[in-house]
Structures are given as C-alpha cells and as structure tokens.
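Biologist: Could you take one part of this structure and walk me through it up close? After that, I'd like to hear how the rest fits around it.

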Amino acid sequence: MPVFLVLIVVVIALYLLEMLAVRSYTSAPGSDIVPHACPPVSILKPLKGLEDCLFDNLESFCNLDYPVYEIIFTLQDQNDPAYKVARKIKDKYRSKDISIIVEPCDEGLNPKVNNLIPAYKMAQYGLILISDSNVRVEKDYLTAISRHMEDPNVGLVSNLIRGISAKTFGAAMENLHLNSFVAGSVCVLDKYLDMPCVVGKSMLMRSVDLEAIGGFTSVKDFLAEDYIIGQRIHALGKKVVLSNHLINNVNEYWGIGRFINRHTRWGKLRWQIGGIKYLSELFTNAVFMAFIAMLIMPLSTATVLFAAAVSSLKIAHDIYIGTRLRSGLSPLLYLLSPVKDIIIGFIWFVPIVSNTVNWRGNRYIIGELSALSPMPETGLWILIYRLLRAPFDVSR
Amino acid sequence: MLLCDFHIHTTYSDGSVKLRKAIDIFGQAGFDAIAITDHVVNGDNSFGKLAHRFKYSVTSHNFSQYMCHIKEEAQRAYDKYGMLVISGIEITKNHLSIENSAHILILDIKEFIPACLSYEEIFLRAKQQNALIVACHPHYMTRTFDRDTLFLWNNRGKYARYIDAWEIANRDDIFNVVGLEKYPYLANSDFHKPKHLFSWKTLLNCVNDIDSIKQCIRHNKGVAVTLFRN
C-alpha cells in the first residue's frame, strides 16, 4: 500500500506539471491586442484525400483578417477528391489570391514534402506558412502568429492544437489524446525543458531561413519533417516559438483503426527521434501502468483502488486541459480517457518491434531521426527483418 | 463533370444522420448535386407497419415538413457549397419474398405519393409531377441480402417503359445486367451512414440545374459512374 501511495503522489505531480504548463499558455494575453506590421504571407496547403470537413477547413483560410496573403493548394493528382473541393473554394472566393497546383513530384519519400516542393516554387512572399488540410482556424490566426516574426531572432512559429468535432469512437479517442497527451507534452517540453516541439499542422517561417537549412528538399526523406525543420532552424540560432493561438484539428468520423495507425506512426517517430527518452512515455502513462499492475499482481483492494484513483485523476486532468483548450468535447467523453490511455499503452510497444510505417497508403522503413527508406520487396524475410532487426537497427 | 449522388437517407427515415448533417457531409466533399430520398414505406403489411411504428418512413402527415426542410437546406447548400439538393423519396415496397419487393426513387417530387398504391399508379403520379423514376438496387447484392429487391427487374418487360433510370451500382455493388439491357443508368451510395460517402457515384456532363440533370439522366447521354474513394 505505501508503494501505491507514493506512486499516486508521483502521478499527481506529473499531471499538475502538465496542467500548469497548459495553463501558462492558455492564460497568456491575447495576441490580437498587440498591433504590429503584417507582412505578406504565402500559405502552402498540401492536399491529399478528403479530410473531415475539408471545405470548412479550407474556407477558414479565405476569411482571415489579414491584409495581404496568398493561398496555394497543392496536390499530386487531379483525380484526388480534394481537388474538387479546392476548385469550389477557388470559385467561391474569386477575389482572393488562390492558386491550385497539380504537379506530381517524386523527389523524396515524404508525400507531404513532395506536395510542398512545387508549391514553394510558386510562393510569392517572404513568409511561408505550412498548414495541413485538417486544420481550421479563426479569423485572427495569421495576425496572431505573424506578430512573433517582428522579432528577427524568431525563426519558426508553431501552434498549440486542439482536436474538435468527434462523432465516432475513433475520433473521440483521437481528440482526447490530442487534448491531453499531445497538448500537455508540447507545453511541458516548450516551457520547462526548453525543447522546441514543432507540430507540423501549422509552421510559419521565413523563406530565407528555410533556404538556409536546405529547403524542403533537405527534409524530403524524413517522416518528421516538421521536427527536423524545427531543429535545424533552432540550430541556426533562431528561436522556435510555440504560439498560444489555438488551432483546430478537425477529427469527426475517424475509425478506431485510423487512431491506432496514426499513433503507432507517431510512436515510431518518437522512438526513432527520442531513443531512450521514449521509455518515459510508458512510465508516465499511469493508467496503463495501473492496469498492468492489476493484471500481473494478485487482485487486491490496493491494486483496484490504485487503478480507480489513477483513472479518476486522469479524467480530472483531461477535463482540466480540455477546458483550458476550449475543446468543446462532451464531458461524458472524458470517461473514455482511461480506455484511451490503455490503448495507447499497448500501442507504445509496437515501435520497439516494428520499424515500418504506413502513411497515406505508402509503406516505408523508418530509421534514425525518422529517416525514411523504401520498403523492400515482400516475402518471408521481411517479417524477420521487421521483427528481429528493428530493435537493433537504430542508433541510440 | 458533375459529381452526384441521388440516393441519400436521413433521420426522416432510417438514416443515421440528420438532414442538415447529411447535406454538409456531401457539401464538404465537393459534390455538385445530390438528392435526399427518405423511405416512404408501404403500410399494408407487418414490415410496413413496423416501419411506420418506429418512424422509419416519411408519411403523408410529415411530408410537407420534410419538403420544407429540404427546400430550406437546399438554399443553404447552394449558397455555401454551390451544390444542388433535389427533393425525393424512395418508395419502399417490402415483402417477405425478395421477388415481390421493390424500391423506387422519385426525384424532384412535389406531392406525396403513398407506397401502397399499385406500381402503375405510382409511376403515373410521378410522371404527372415531372419527377424522375429510378429503380433502386434491382438485382442481387453481396452481403446485404436483406435489401435485395428483384420485382422490377423480374418484371422489366412490363415496367421498364415507365422507369427513367436503373441503379447500375449501389454502394459497393455493381449490377452489370442493367448495362447489358442498355437501360439508362445511375450509380448511388444509398447513403445511411457517413462511411457510405465512399461508394459508387454518378458523373453527369451537364449544367448544374434540375432540368438539365433530369434530361441528362433520361437521355442517358454524358452519364458515367465512378467508385468514389478517398
């Protein structure tokens, strides 16, 4: 029993740390009250497939309160269903500076970077914003993030994200995870550990800085191109800033399979990038640890009470962060938080035994710092390769 | 080419999403024209009575409300997405035997048509309204055996002249028999859940207005089908 009490104290401390970090970002004064010059911005929107509410997501970028900006929708294939949506947006907002580029590019293995390379060539302005298609923003978004660029020492601005609009179990899992683990970790890393943690859903940077790190071509074979860009800009001596302006990641009709696929992929990224630090994720997943304790130890009042206490604390933690992020999740959904953490706990082990990723229909082998290499031919040996070689194939 | 789906259910019958949400799902995906076609079920047997009991059917009582709601949402969809929304129903004659069952889409409907009427009378009333008549899933389908409705296909010699188009494909199934007979065709999702968005669809090479669409379908010129996948 004393061991469990100590563990409870540790769990509370961890949760408090995350809550304080999130609180510090979400209670900072609004950026819209700070007047500043608004330099022109080129928004690069790589599109592939129909994200949930794609029309609304793209439309939100046509209604920004910002003096001069252009939007470049970029696709690899005119038969992509997102092309028709992009066309409709362009037709609806004829007065806006919107371009659609359809240009197959196979320079690298990262399909998002392949999409960005032709778009970047078309960009007119010195500030480049990369924005994913599953992101929806408020009217003051560009004003809020561009103000950081007034400081010449700032090289990159990324944003806190919140998951919204869940209508299925898979989407609820996704939004719970974004609004707890992801938001909490990003804030803790940025605030207390001074580790820039760039989430590629929104990245604002200067084209000169991008070119100084080698441009998009230099990250074409990395899965975590956002992380690499952030690190390299940081290495230039520039600050990587986490804006407190929240952007919405719309996840409405996800199946549970998509949730598992995404977090397996993200887990593999963190394993390849973080190495031994990845282990900390398992030990900070208190719900999963309590669940495992219940399974492997003789069932007792202490283990059950411990699991119940940890689950209750996690629900309270997630409600707090969700409320701070104004995620709009139904309060009842937070009851699923412990279930989500148990699923995430099992997913945690996958990167240890497998180094292949499936991303947007493409399968790759992922190596150090998320470097991608093509998947070899299929066959019995590939199974051996994946299961046995993977744990020893990365530099730690 | 217009990307179209003319077979969509909402919570007015057995669909899982409300009318507004169903329209938004298609609008968000870039569709050009859709038809809302909730079931109007025959109430003259136990299947129909159950459907009426559990409100899985548009009835003469709520038909005007249904139409007003579609009209209101159609205006919103046109303003927001540039998408045409056509009002319709699916006449649903369910019987124990699949040989006696038939489902018929009536597109651009103006006045209520009860499902318990005879086929001839249903077709006549639809024609009087200049509505489009489409025979739904007219052949055997895989997996969802309970939806097989063979009556119209088995009696096509008698009824084909009334039918403006046949569903050559429905959701994941394709009925090549319709093509073999050279009947005009459409492909629809028979949308009940959001995941049904990704299914067979119709492409029309015409102007995006109701008259051009009806003419295009009736004359079967510039009609193609596509399996819409993400």
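Modeller: Let's start with a single pair: A:Trp359 has A:Asn362 as its bridge partner in β10(A). Keep in mind that this is a predicted model. The pair belongs to strands β9 (residues 356-359) and β10 (residues 362-366) of chain A, which run antiparallel and are joined by four bridges. Between these two strands the hairpin has two residues, and A:Arg360 takes a positive phi near 50° there.

Next along is β11(A), which runs antiparallel to β10(A) and is joined to it by three bridges. Here A:Tyr364 sits opposite A:Pro374 of β11(A). Put together, that's an open three-stranded sheet in the order β9-β10-β11 (chain A), with antiparallel pairing. β9 and β11 (372-374) of chain A are its edge strands, each pairing on one side only. From one strand to the next, the twist averages 45°. Packed on this sheet is α9(A), which touches β9 and β10 of chain A and points at about 135° to β9(A).

α9 (256-274) of chain A also links us to another helix, since the buried residues of α13(A) pack against it, along with α6, α10 (279-284), α11 (286-296) and α12 (301-324) of chain A. Helix α13 covers residues 337-353 of chain A, and its buried residues include A:Ile344, A:Ile347, A:Trp348 and A:Pro351, but also A:Lys340 and A:Asp341.

From that list, follow α6(A). This helix (residues 169-191) lies across β6 (154-164) and β8 (239-250) of chain A, at about 150° to β6(A). Helix α8 (residues 225-235) of chain A packs on the sheet too, touching β6, β7 and β8 of chain A, and its direction also makes about 150° with that of β6(A).

What order do the strands of the eight-stranded sheet take? Reading across, it's β3-β2-β1-β4-β7-β6-β8-β5 (chain A), an open sheet with mixed pairing. Because β3 and β5 (135-136) of chain A are at the edges with a single partner strand each, one side of each has no neighbour in the sheet. One antiparallel pair is β4 (residues 127-131) and β7 (residues 202-206) of chain A, joined by five bridges; in it, A:Leu127 stands opposite A:Arg206.

Over at β1 (residues 41-46) of chain A, the pairing with β2(A) is parallel, over six bridges. Those two strands and helix α2 (residues 54-60) of chain A form a right-handed β-α-β unit. From β2(A) the chain crosses through helix α3 (residues 81-92) of chain A to β3(A), in a β-α-β crossover that is right-handed. β2(A) and β3 (residues 98-102) of chain A run parallel, with five bridges between them. A:Ile72 stands opposite A:Ser99 in β3(A), and it is also opposite A:Leu44. Six of the seven residues of β2 (residues 69-75) of chain A are buried, so the strand is largely enclosed by the rest of the structure.

A:Leu44 deserves a stop of its own. Beyond its neighbours within four places in sequence, its contacts include A:Ile72, A:Leu116, A:Tyr120 and A:Ile130. The largest nonpolar core has 154 residues, and A:Leu44 is among those touching the most other members, together with B:Ile34, B:Ile104, B:Ile106 and B:Val134. The element giving the most to this core is α6(A), with seven residues.

Technical notes
Residues are numbered from 1 along each chain as its sequence is written. Chains are lettered from A and ligands numbered from 1 in the order in which they are written. This is a predicted model: local features need pLDDT of at least 70, side-chain atom pairs count only at pLDDT 80 or more; totals for chains, interfaces and linings use all residues. A residue is buried if 20 or more other C-beta atoms lie within 10 Å of its own, exposed if 12 or fewer, and partly exposed in between; C-beta atoms are placed from the backbone. Two strands pair if DSSP finds at least two bridges between them. A crossover is right-handed if, with the strands pointing away from the viewer, the path from the first strand over the helix to the second runs clockwise. Two residues are in contact if their C-beta atoms, placed from the backbone, lie within 7 Å. Axes are lines fitted to C-alpha atoms, for helices over the stretch in contact, and angles run from 0 to 180 degrees between N-to-C directions. A nonpolar core is a set of buried Ala, Val, Leu, Ile, Met, Phe, Trp, Tyr and Cys residues joined through C-beta atoms within 7 Å.
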